[in-house]
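Me: Please pick one part of this model and describe it closely. Take in its partners on either side and whatever packs around it, and leave out anything that cannot be read from the model itself.

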Amino acid sequence: MKRIIIVGASSGIGKEMALMYAQQGHLVGITGRRKELLEQIQQQFPQQILIASFDVMNDENRTHIQRLAEQLGGLDLLIYNSGFGDISENLNYEIEIKTTRTNVNGFVSIVSFAFNYFVQQGYGQIALTSSIAALRGNSWAPAYSASKAFMSNYAEGLSIKAKKLKKDITITDLKPGFVKTKMAKGNGQFWVAEPVKAAQQIVTAIENKKRIAYITKRWWFVAQIMRRLPYSIYSRIA
(Lines give C-alpha, C1' and ligand atoms only; values in the text may rest on other atoms or scores of the structure.)
Protein backbone atom coordinates (compact mmCIF):
# COMPACT_ATOMS: atom_id res chain seq x y z
CA MET A 1 0.00 0.00 0.00
CA LYS A 2 1.35 3.39 -1.04
CA ARG A 3 0.63 6.78 0.47
CA ILE A 4 -0.05 9.19 -2.38
CA ILE A 5 -0.82 12.87 -2.69
CA ILE A 6 -2.33 14.21 -5.91
CA VAL A 7 -2.21 18.00 -6.19
CA GLY A 8 -5.04 19.06 -8.48
CA ALA A 9 -7.50 16.20 -8.28
CA SER A 10 -10.96 17.76 -8.18
CA SER A 11 -11.71 16.83 -11.80
CA GLY A 12 -10.27 15.43 -15.03
CA ILE A 13 -7.10 13.35 -14.98
CA GLY A 14 -6.41 14.00 -11.30
CA LYS A 15 -9.82 12.75 -10.25
CA GLU A 16 -9.50 9.59 -12.34
CA MET A 17 -6.05 8.85 -10.92
CA ALA A 18 -7.34 9.30 -7.37
CA LEU A 19 -10.15 6.81 -7.97
CA MET A 20 -7.80 4.30 -9.61
CA TYR A 21 -5.29 4.43 -6.77
CA ALA A 22 -8.01 4.17 -4.12
CA GLN A 23 -9.54 1.21 -5.94
CA GLN A 24 -6.12 -0.47 -5.87
CA GLY A 25 -6.09 -0.14 -2.09
CA HIS A 26 -3.73 2.81 -1.66
CA LEU A 27 -4.18 5.75 0.71
CA VAL A 28 -4.72 8.91 -1.32
CA GLY A 29 -4.67 12.56 -0.33
CA ILE A 30 -6.26 14.83 -2.91
CA THR A 31 -6.16 18.61 -3.19
CA GLY A 32 -7.98 21.28 -5.15
CA ARG A 33 -9.71 24.64 -4.80
CA ARG A 34 -13.26 23.29 -5.02
CA LYS A 35 -13.92 21.51 -1.74
CA GLU A 36 -17.34 20.24 -2.79
CA LEU A 37 -15.84 18.30 -5.70
CA LEU A 38 -13.15 16.81 -3.48
CA GLU A 39 -15.83 15.69 -1.02
CA GLN A 40 -17.76 13.97 -3.82
CA ILE A 41 -14.66 11.97 -4.73
CA GLN A 42 -13.95 11.15 -1.09
CA GLN A 43 -17.47 9.77 -0.63
CA GLN A 44 -16.66 6.98 -3.10
CA PHE A 45 -13.74 5.73 -0.96
CA PRO A 46 -14.19 7.35 2.48
CA GLN A 47 -11.67 5.05 4.18
CA GLN A 48 -8.90 5.66 1.67
CA ILE A 49 -9.22 9.24 0.44
CA LEU A 50 -8.37 12.34 2.45
CA ILE A 51 -8.90 15.87 1.18
CA ALA A 52 -7.27 19.27 1.55
CA SER A 53 -8.86 22.26 -0.14
CA PHE A 54 -6.49 25.10 -1.02
CA ASP A 55 -5.11 27.09 -3.95
CA VAL A 56 -1.55 26.18 -4.97
CA MET A 57 -0.85 29.92 -5.36
CA ASN A 58 -1.46 30.32 -1.63
CA ASP A 59 1.66 30.89 0.47
CA GLU A 60 0.49 28.17 2.86
CA ASN A 61 0.55 25.42 0.22
CA ARG A 62 3.57 23.64 1.77
CA THR A 63 1.84 23.57 5.16
CA HIS A 64 -1.21 21.92 3.61
CA ILE A 65 0.93 19.26 1.91
CA GLN A 66 2.88 18.55 5.09
CA ARG A 67 -0.33 18.20 7.10
CA LEU A 68 -1.85 15.89 4.50
CA ALA A 69 1.28 13.69 4.50
CA GLU A 70 1.04 13.45 8.30
CA GLN A 71 -2.61 12.43 8.05
CA LEU A 72 -1.67 9.72 5.54
CA GLY A 73 1.00 8.44 7.89
CA GLY A 74 3.78 9.25 5.43
CA LEU A 75 4.33 9.86 1.75
CA ASP A 76 5.62 7.64 -1.06
CA LEU A 77 4.42 9.45 -4.18
CA LEU A 78 3.50 13.04 -4.93
CA ILE A 79 1.82 13.92 -8.22
CA TYR A 80 1.70 17.60 -9.20
CA ASN A 81 -1.27 17.72 -11.55
CA SER A 82 -2.42 21.27 -10.84
CA GLY A 83 -2.14 23.60 -13.81
CA PHE A 84 -3.58 26.62 -15.53
CA GLY A 85 -3.43 27.91 -19.07
CA ASP A 86 -5.57 29.92 -21.44
CA ILE A 87 -5.39 31.51 -24.86
CA SER A 88 -3.58 34.84 -24.49
CA GLU A 89 -3.76 36.24 -28.01
CA ASN A 90 -3.33 39.84 -26.83
CA LEU A 91 -0.85 38.88 -24.08
CA ASN A 92 -3.36 39.36 -21.29
CA TYR A 93 -1.47 40.10 -18.07
CA GLU A 94 -3.96 38.34 -15.78
CA ILE A 95 -3.70 35.14 -17.81
CA GLU A 96 0.09 35.32 -17.98
CA ILE A 97 0.60 35.92 -14.26
CA LYS A 98 -1.97 33.32 -13.12
CA THR A 99 -0.37 30.76 -15.42
CA THR A 100 3.08 31.50 -14.04
CA ARG A 101 2.03 31.51 -10.40
CA THR A 102 0.28 28.15 -10.78
CA ASN A 103 2.66 26.30 -13.10
CA VAL A 104 5.91 27.75 -11.76
CA ASN A 105 5.60 29.28 -8.28
CA GLY A 106 3.07 26.83 -6.86
CA PHE A 107 4.82 23.95 -8.57
CA VAL A 108 8.27 24.79 -7.19
CA SER A 109 6.95 25.39 -3.69
CA ILE A 110 5.22 22.02 -3.42
CA VAL A 111 7.64 19.89 -5.42
CA SER A 112 10.72 21.22 -3.64
CA PHE A 113 9.04 20.35 -0.33
CA ALA A 114 8.32 16.81 -1.57
CA PHE A 115 11.87 16.35 -2.88
CA ASN A 116 13.44 17.37 0.44
CA TYR A 117 10.94 15.15 2.26
CA PHE A 118 12.07 12.19 0.14
CA VAL A 119 15.75 13.06 0.61
CA GLN A 120 15.28 12.79 4.38
CA GLN A 121 13.27 9.61 3.94
CA GLY A 122 15.74 8.10 1.50
CA TYR A 123 13.23 7.22 -1.21
CA GLY A 124 10.10 8.40 -3.00
CA GLN A 125 8.68 9.45 -6.33
CA ILE A 126 7.52 12.74 -7.79
CA ALA A 127 5.41 12.83 -10.94
CA LEU A 128 4.39 16.05 -12.66
CA THR A 129 2.02 16.81 -15.47
CA SER A 130 3.85 19.10 -17.86
CA SER A 131 2.67 19.04 -21.48
CA ILE A 132 3.64 18.39 -25.08
CA ALA A 133 3.52 22.21 -25.21
CA ALA A 134 6.73 22.27 -23.14
CA LEU A 135 8.74 21.39 -26.25
CA ARG A 136 8.44 24.74 -28.09
CA GLY A 137 7.25 28.30 -27.55
CA ASN A 138 3.73 29.26 -28.62
CA SER A 139 2.42 32.68 -29.60
CA TRP A 140 -1.17 31.88 -28.56
CA ALA A 141 -0.25 30.92 -24.99
CA PRO A 142 3.32 32.10 -24.29
CA ALA A 143 3.25 31.69 -20.52
CA TYR A 144 1.68 28.24 -20.73
CA SER A 145 4.31 26.68 -23.00
CA ALA A 146 7.12 28.47 -21.14
CA SER A 147 5.86 27.38 -17.71
CA LYS A 148 5.51 23.78 -18.84
CA ALA A 149 9.06 23.89 -20.19
CA PHE A 150 10.15 25.17 -16.77
CA MET A 151 8.45 22.19 -15.13
CA SER A 152 10.20 19.72 -17.43
CA ASN A 153 13.62 21.28 -16.94
CA TYR A 154 13.11 21.47 -13.18
CA ALA A 155 12.16 17.80 -13.17
CA GLU A 156 15.31 16.86 -15.06
CA GLY A 157 17.38 18.88 -12.61
CA LEU A 158 15.81 17.09 -9.64
CA SER A 159 16.41 13.72 -11.28
CA ILE A 160 20.11 14.55 -11.66
CA LYS A 161 20.25 15.90 -8.11
CA ALA A 162 18.76 12.67 -6.74
CA LYS A 163 21.45 10.65 -8.52
CA LYS A 164 24.21 12.86 -7.15
CA LEU A 165 22.77 12.49 -3.65
CA LYS A 166 22.52 8.73 -4.23
CA LYS A 167 18.90 8.69 -3.16
CA ASP A 168 16.24 6.33 -4.50
CA ILE A 169 14.04 9.15 -5.75
CA THR A 170 12.31 8.86 -9.12
CA ILE A 171 11.17 11.94 -11.04
CA THR A 172 8.59 11.26 -13.76
CA ASP A 173 7.76 13.95 -16.31
CA LEU A 174 4.34 13.32 -17.88
CA LYS A 175 3.72 15.08 -21.19
CA PRO A 176 0.07 14.83 -22.27
CA GLY A 177 -1.20 15.92 -25.64
CA PHE A 178 -4.88 16.85 -25.88
CA VAL A 179 -7.09 15.41 -23.13
CA LYS A 180 -10.84 16.07 -22.90
CA THR A 181 -10.74 18.44 -19.92
CA LYS A 182 -11.28 22.16 -19.35
CA MET A 183 -7.56 22.66 -20.05
CA ALA A 184 -8.00 21.58 -23.67
CA LYS A 185 -8.61 24.87 -25.48
CA GLY A 186 -8.27 26.21 -28.99
CA ASN A 187 -9.06 24.90 -32.44
CA GLY A 188 -7.32 22.15 -34.38
CA GLN A 189 -7.30 19.58 -31.58
CA PHE A 190 -6.65 15.99 -32.58
CA TRP A 191 -5.98 12.65 -30.86
CA VAL A 192 -8.05 13.91 -27.92
CA ALA A 193 -7.95 11.31 -25.12
CA GLU A 194 -10.59 10.66 -22.52
CA PRO A 195 -9.44 11.45 -18.95
CA VAL A 196 -9.80 7.79 -17.94
CA LYS A 197 -7.48 6.59 -20.71
CA ALA A 198 -4.95 9.31 -19.96
CA ALA A 199 -5.05 8.47 -16.24
CA GLN A 200 -4.54 4.77 -16.94
CA GLN A 201 -1.42 5.45 -19.00
CA ILE A 202 -0.12 7.90 -16.39
CA VAL A 203 -0.56 5.38 -13.56
CA THR A 204 1.30 2.77 -15.63
CA ALA A 205 4.13 5.18 -16.43
CA ILE A 206 4.49 6.08 -12.76
CA GLU A 207 4.46 2.42 -11.73
CA ASN A 208 7.18 1.68 -14.31
CA LYS A 209 9.19 4.65 -12.96
CA LYS A 210 9.48 6.27 -16.37
CA ARG A 211 11.67 9.34 -16.59
CA ILE A 212 9.50 10.86 -19.37
CA ALA A 213 6.17 9.58 -20.64
CA TYR A 214 3.98 10.91 -23.45
CA ILE A 215 0.24 10.67 -22.82
CA THR A 216 -1.16 9.09 -24.86
CA LYS A 217 1.84 7.21 -26.25
CA ARG A 218 1.24 8.32 -29.85
CA TRP A 219 2.25 11.88 -28.88
CA TRP A 220 5.85 10.68 -28.87
CA PHE A 221 5.75 10.92 -32.67
CA VAL A 222 4.45 14.49 -32.53
CA ALA A 223 7.25 15.37 -30.12
CA GLN A 224 9.90 14.16 -32.56
CA ILE A 225 8.43 16.29 -35.35
CA MET A 226 8.07 19.37 -33.15
CA ARG A 227 11.70 19.17 -32.03
CA ARG A 228 12.99 18.94 -35.59
CA LEU A 229 10.86 21.60 -37.29
CA PRO A 230 13.00 24.60 -38.29
CA TYR A 231 11.96 27.87 -36.65
CA SER A 232 11.05 29.36 -40.05
CA ILE A 233 8.39 26.66 -40.49
CA TYR A 234 7.32 26.25 -36.86
CA SER A 235 6.74 29.99 -36.40
CA ARG A 236 4.01 29.92 -39.05
CA ILE A 237 1.84 27.52 -37.10
CA ALA A 238 2.64 28.25 -33.44
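Reply: Two strands pair if DSSP finds at least two bridges between them, and strands (E, at least two residues) and helices (H or I, at least four) are DSSP runs numbered from the N terminus. The part chosen here is strand β5, residues 123–129. This is a predicted model, in which local features need pLDDT of at least 70, side-chain atom pairs count only at pLDDT 80 or more, and totals for chains, interfaces and linings use all residues. Residues are numbered from 1 along each chain as its sequence is written, and side-chain values use heavy atoms, with hydrogens and water left out.

Of the 7 residues of β5, 6 are buried (under 20% relative accessible area; exposed is over 50% and partly exposed in between, with a 1.4 Å probe and protein chains only). The strand is therefore largely enclosed by the rest of the structure.

On one side β5 is joined to strand β4 (residues 77–80) by 4 bridges, and the two run parallel. In this pairing A127 of β5 stands opposite I79. Strand β6 (residues 168–176) is joined to β5 by 7 bridges, again in parallel. Here G124 has I169 as its bridge partner, and Q125 has T170.

These pairings belong to an open sheet of 7 strands, ordered β3-β2-β1-β4-β5-β6-β7, with parallel pairing. Its edges are β3 (49–53) and β7 (212–215), each of which pairs on one side only. From one strand to the next the twist averages 15°; axes are lines fitted to C-alpha atoms, for helices over the stretch in contact, and angles run from 0 to 180 degrees between N-to-C directions.

The chain enters and leaves β5 through two crossovers. Helix α4 (residues 93–121) connects β4 to β5 in a right-handed β-α-β unit, meaning that, with the strands pointing away from the viewer, the path from the first strand over the helix to the second runs clockwise. Helix α5 (residues 142–165) makes a right-handed β-α-β unit with β5 and β6.

The two connecting helices also pack on each other. The axes of α4 and α5 come within 9 Å and cross at roughly 10°. That makes α4 roughly parallel to α5 (under 35 degrees; over 145 is roughly antiparallel, 65 to 115 roughly perpendicular and the rest oblique). Contact, here and below, means heavy atoms within 4.5 Å. On the α4 side the contact includes E96, N103, F107, V111, F115 and V119, and on the α5 side P142, Y144, F150, M151, Y154, L158 and L165 are among the residues met. By class this contact has 15 nonpolar, 5 polar and 3 charged residues, where Ala, Val, Leu, Ile, Met, Phe, Trp, Tyr, Cys and Pro count as nonpolar, Asp, Glu, Lys and Arg as charged, and the others, Gly among them, as polar.

L165 in α5 is partly exposed, with a relative accessible area of 42%. Apart from residues up to four places away in sequence, L165 touches F115 and V119. Its C-alpha atom is separated by 9.8 Å from that of G122, 43 residues apart along the chain.

Two helices lie across β5. Helix α4 lies across β1 (3–7), β4, β5 and β6, running at about 170° to β4. Helix α6 (residues 195–207) lies across β4, β5, β6 and β7, at about 165° to β7. Q201, found in α6, is buried at 19% relative accessible area. Beyond four places in sequence, Q201 touches Y214, I215, T216 and K217. The peptide bond from I215 to T216 is cis, with omega near -5°, and T216 lies in the loop between β7 and α7 (219–228).

A residue of β5 also appears among the contacts of R3, which belongs to strand β1. R3 is buried, with a relative accessible area of 18%. Leaving aside neighbours within four places in sequence, its contacts include L27, L75, D76, L77 and Y123. The C-alpha atoms of R3 and D76 are 5.3 Å apart, although 73 residues separate them along the chain.

Two loop residues complete the surroundings. Most residues other than glycine have a negative phi. L91, in the loop between β4 and α4, has a positive phi near 50° and is exposed at 54% relative accessible area. K209, in the loop between α6 and β7, has a positive phi of about 55° and, at 47% relative accessibility, counts as partly exposed.
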